[in-house]
Amino acid sequence: MIALDNLTVSYQRHPAVHHVSGHFAAATATAIFGPNGAGKSTLLKTIMGALKPDSGQVTFNGISRRDLAYLPQQSEIDRSLPVSVIDLVSSGHWRQSGLFGKVGRHHDEASWNALVSVGLEDFATRPVSALSSGQFQRVLFARILVQDARLIMLDEPFNAVDARTTQDLLQLVARWQKEGRTVIAVLHDMAQVHSHFPQTLLMAREVIAWGDTASVLTQERLRQASETAAHWLARAPLCQVDGEGA
């Protein structure tokens, strides 16, 4: 569904994502895994169009970015806005109604059903600022449900979330796979990756391994990823200013 061709993304000419090539399999879940500072979130933001690559390209096969639902890290979301839970979930209908379009009755029903799916139907009228981290993450997953996207990208979706919420949300990931959707998630918990994500991209700014999870997450490759990340700044060349990449 998504192909990466020689993708390089840099900050102040230092490559955060370095000559990454490969493709994400359709209708399955792929984890992006690796040490801190490995470029995982940078890669996700580049795929969804928030960052411009220095070189290389992202190709969507059979879909466009309008078919994409993106969940950023909670720390990047302003929860102080005076919006209710149901209104935040309903904002996920923008693909059907437009940014300023009217939400119809069938949209209201879909929003309510999404809240039921994440167990928060009793919180519909509460302000999002009053929710715990776990409750807020459930709301964000409900918003993804109403988006009805073919491609779902999640950036550290279970970080700082309680175990019960994590298990419930992982069941939604399994549901999306059964529905034939493509899920790409930045994760830090290896047990979650092994249990729920058949494919894994192991990164340390560059690709260490990419494919079947059991084959990728070996002790040797994990050690290679850690060593590569630890020595990256010392050995990586600067990217060219003209955008040709390192």
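Which residues of the largest nonpolar core touch the most other members? I started my notebook here, working from a predicted model.

**Entry 1: the cores**

I looked up the largest nonpolar core and found 46 residues in it. Phe141, Leu154, Trp176 and Phe197 touch the most other members. I then looked at where the core residues come from. Helix H5 gives the largest share, 8 residues. A separate core of 23 residues lies apart from this one. I noted Phe24, Phe60, Met153 and Ile184 among its members.

**Entry 2: Leu154**

I listed the contacts of Leu154, setting aside neighbours within four places in sequence. Leu154 is in contact with Phe141 and Trp176. Its other partners include Leu44, Leu71 and Ile144. I also found Val173, Val183, Ile184, Ala185 and Val186 on the list.

**Entry 3: aromatic rings**

I turned to the rings next. The count comes to 3 aromatic pairs. I checked Phe141 with Trp176: the ring centres are 5.7 Å apart and the planes stand at 10 degrees, so I logged the pair as stacked. The cut-off for stacking is under 30 degrees. I placed Phe141 in helix H5 (residues 133-147) and Trp176 in helix H6 (residues 163-178). The pair therefore ties together parts that are 35 residues apart in sequence.

Are these two residues buried or exposed? Phe141 is buried, at 0% relative accessible area. Trp176 also counts as buried, with 1% relative accessibility. Phe158 joins Phe141 and Trp176 in one aromatic cluster.

I made one more note on rings. Arg79 lies over the face of Phe136, at 4.4 Å from the ring centre.

**Entry 4: the sheet**

In what order do the strands of the open sheet run? I read 3 strands in the order E2-E1-E4, with antiparallel pairing. Strands E2 (14-24) and E4 (55-60) are the edges, and each pairs on one side only. From one strand to the next the twist averages 20 degrees.

I followed E1 (residues 2-11) along E4. These two strands pair in the antiparallel sense over 5 bridges. For Asp5, I found Gln57 in E4 as the bridge partner.

Which helix packs on the sheet? Helix H1 (residues 40-47) does, and it touches E1, E2 and E4. I noted that the direction of H1 makes about 120 degrees with that of E1.

Methods. Residues are numbered from 1 along each chain as its sequence is written. This is a predicted model: local features need pLDDT of at least 70, side-chain atom pairs count only at pLDDT 80 or more; totals for chains, interfaces and linings use all residues. Side-chain values use heavy atoms; hydrogens and water are left out. Rings of Phe, Tyr and Trp (its six-membered ring) pair if their centres lie within 6.5 Å; planes under 30 degrees apart count as stacked, over 60 as edge-to-face and the rest as tilted. Helices (H or I, at least four residues) and strands (E, at least two) are DSSP runs, numbered from the N terminus. Buried means under 20% relative accessible area, exposed over 50%, partly exposed in between (1.4 Å probe, protein chains only). A charge sits over a ring if NZ of Lys or CZ of Arg is within 6 Å of the ring centre and within 35 degrees of the ring normal. Two strands pair if DSSP finds at least two bridges between them. Axes are lines fitted to C-alpha atoms, for helices over the stretch in contact, and angles run from 0 to 180 degrees between N-to-C directions. Contact means heavy atoms within 4.5 Å. A nonpolar core is a set of buried Ala, Val, Leu, Ile, Met, Phe, Trp, Tyr and Cys residues joined through side-chain atoms within 4.5 Å.
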